[in-house]
Amino acid sequence: MAPALALIGLFLIFPALWTVYLGMTDYRLTGLAAADPTVVGLENYTSILGDPGFWRSLRLTLVFVLASGVLGQTLLGFSIAWALRRLSGPVKSVVETLVLAAWVVPSSVGAFLWLALLDRRAGTLNALLGTEGTAWLIEHPMAGIVVFNIWVGTAFSMLLFSSALNGVPPSQMESARMAGATAWQQLRDVVLPNIRAHILTNTLLITLWTFNTFTPYLLTAGGPNDESAILPVYIYRTAIPGGQLGMGAAISLIMLLINLVIALASMRVGRERRRRS
Amino acid sequence: MSAPAPRSTVRHYVSRVAFVVVVVLVAAFFALPLTWLVTAPFDASPTLTVEWPQWTLANFRSLAENPYALRSIGNSLVLGLGTIAVVVTLGALAAYALSRVRIPGRDGLLYALLLLSSVVTGTAAMVPLFQLMVQVGLINTQTGVVLAMSGGLLPTVVFILKDFMDSIPKSYEESARLYGARPGQILRHVVVPIARPGLAFVSVWVLVQVWGNFLLPFILLRSPESQPAAVIMYTFYTESGQADLSLISAFSLVFSVPVIAIYFLVNRRYGFRFHGGIKS
C-alpha cells in the first residue's frame, strides 16, 4: 500500500500543493527567473484578473462546456438512448457502434478526421454542402470545437441513459400509456422523475471532463486569434510555449478550484443516491 | 368515430418517417468523419475527400518503411505496458492491504483519493507536473510519463481492485496460512489467481487510457525518438509542409485498430464498464 500511496502523493497531491507555491512565483522556463525564481505573492493573480485574455478564455470555456457538454452530449446522448430503447437488431447496433467508435478512436486521430472533413479545399463537408472554399475552423472555430466534442463524447451519455432507461419500471410506463398519455407526457411525468439522479450524475461528470479536455487544441490550437482558446489551451500556451510557469500555475490553481467544486458536488450526489437505494 | 382514425394514421405515418430521418441523420453525423478512416488507408492516391478507393495496400508498405511511425507505435506500447506494470502491481498490493486491514477512515481515504484524481487532472496539473519532471531530471524520459500517468490512474484502479479483493473469501487465505504459506506466497498463489479477472480488466482499462493520451507525452517528451503514436500523429499533420496522406491514413488506422478491437471485445464480454476515469 505504501508505494502506491507514495506515487499518488508524488504525482497527484504534490502537484496540487506545488501549484499553490508556483502560482505565487515569477517562475519562467528560461532566463534569469528560471535560475532564481522569486516569490511575488499574489501579483500573478492580480495580473490574471486584470487580463482581458483570461476573462475571454473563461467565457469561451463556459460556452464550450455548456454547449458541447451539458446541452450537446447530454441531449443527443439521451435522445439516442430514447430512440433506440425499443429497437433491437442491426439498426440499434450500427448506431451504437458508430457512436462508440467516435469515442474510442484516439483523440489525435479523431481530430485529424475532423480536419479532413472540414478542410477548406478538399473537405468532404464542403463537397456535400456545395460550400466550396469555406474554412470552417477559421470562420467558426468555437462551433467547430463544440461539434467535435459532441461527436467525441456523446457515447458516455448514451450508454449511461440507456442503462438508466432500462431501470424505469415498465409497469409505470404501461399505466401511463393506458391512461392515454402521449409520448411527451410519458417522458415528462414517468421517465424524467425516475432518472433524475442519473441526469445529475451525468451532467456533473460531463461538465468535469469537458472542462478538462485538451483535445480541441488538436483541432484549432486555440486559434485563430485565441478565438477558441479554452482554459486548458490558455494554460498550456501561457506556461509551456510562453514560458511563464508561475503565471500558468496561478491559472491552474483557479482551474483546480473549479474542478474541486464540481467533483465535490458529484460525490455528494453519488452518496445521496447510494443512501436512498 | 371515423374522422379521427385516418388523421391519427397519417400522423403516425409522418412521425415514423421523421423518426427514421432523424436516426439516419444522427448516424450520418457519427459515420461521416469515420468513413475517411476506413477508405483512405486503402486508396492508391488518398485525398482528404471521402471517395471510393482504388484498392491497394501500398500505404501500409510505406508506413512500414517510415522509421518514426513504427518506433512511435513501439513507444506507445512501452508507455502502455510500463504503466500497466506499475499500476497493476502497486494497485493490487494497495487494494489487497485496504481490503484486509482494518484501519479507521479507510473508506474516507479511498473516496478522498478518488476525489483527488478527478480534481488533479493532467490538464489542470500540467504546469506543476512539467516543472516537477524538469526538477527531478525525468523530463524527456518515458519513465517520467509512465510515473505521471500511473499517479493519475492509481486511485481509480485501487478503487476497482478493492471491490474484486473484497469478494475473495478470507477462508482461502486462512487455510493456506495453516499449511505454513508465507504472506508473499499467499498473495502469489491464492489471491492473484482469484483476482485475475479484475487484474485483466484493469490492465485493459489502463492500456486504453494510456494509448490515446496526448497531453502528458506531448508536454513531457520533446524528442521524436521517444514520442508515442498519439504525439507523432499530431506531428505528421501539423509539422510537415505538405501532409503525406498515404502515411497519415495508414498510420491512423494501425494506431486506432488495437483500442477499437480491445474495446469491442471487452464490451461484448463484460458489458459496458468503462465508466469514469481520465479521458483527456
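## The H10–H11 pair in chain A

In this predicted model, helix H10 (residues 170-178) and helix H11 (residues 183-194) of chain A have axes that come within 10 Å and cross at roughly 145°. The crossing of H10(A) and H11(A) is right-handed.

Which residues meet where H10(A) touches H11(A)? From H10(A) come A:Gln172, A:Met173, A:Ala176 and A:Arg177, and they meet A:Gln186, A:Asp189 and A:Val190 in H11(A). By type, the residues of this contact divide into three nonpolar, two polar and two charged.

## A bent helix, H9

Next along the chain to look at is helix H9 (residues 141-166) of chain A, with 26 residues. From its first C-alpha to its last, H9(A) reaches 38 Å, close to the 38 Å expected at 1.5 Å a residue. If you follow the axis of H9(A) in your viewer, look at A:Gly153, where the helix bends by about 45°.

Why can H9(A) be called largely enclosed by the rest of the structure? Of its 26 residues, 19 are buried, so the surrounding structure encloses most of the helix.

## A covered helix, H6

Helix H6 (residues 107-117) of chain A is mostly covered, with eleven of its eleven residues buried. The list runs from A:Ser107, A:Ser108, A:Val109 and A:Gly110 through A:Ala111, A:Phe112, A:Leu113 and A:Trp114 to A:Leu115, A:Ala116 and A:Leu117.

For a sense of what buried stands for here, a residue counts as buried if 20 or more other C-beta atoms lie within 10 Å of its own.

## Where chain A meets chain B

How many residues does each chain bring to the contact? Chain A brings 64 residues and chain B brings 67. On the side of chain A that touches chain B, helix H1 (residues 2-22) of chain A gives the most, with 15 residues.

What kinds of residue make up that side of chain A? They divide into 53 nonpolar, ten polar and one charged.

## Chain A as a whole

Stepping back to the full chain, the secondary structure of chain A comes to 15 helices and zero strands. Its C-alpha atoms fill a box of roughly 75 × 55 × 35 Å, taken along the principal axes.

Chain A has 277 residues, and 45% of them count as buried. Among the contacts in chain A with a separation of 6 or more, 70% are accounted for by residues 24 or more positions apart.

Notes: Residues numbered from 1 in each chain as written. Chains lettered and ligands numbered in written order. Predicted model: local features only at pLDDT ≥ 70, side-chain atom pairs only at ≥ 80, totals over all residues. Helix = DSSP H or I, 4+ residues; strand = E, 2+ residues; numbered from the N terminus. Expected span 1.5 Å × (residues − 1). Bend = angle between axes of the 7 residues up to and from the residue. Buried ≥ 20, exposed ≤ 12 C-beta atoms within 10 Å, placed from the backbone. Contact = placed C-beta atoms within 7 Å. Nonpolar A, V, L, I, M, F, W, Y, C, P; charged D, E, K, R; others polar. Axes fitted to C-alpha atoms, helices over the stretch in contact; angles between N-to-C directions. Left-handed = near helix turned anticlockwise from the far one by under 90°.
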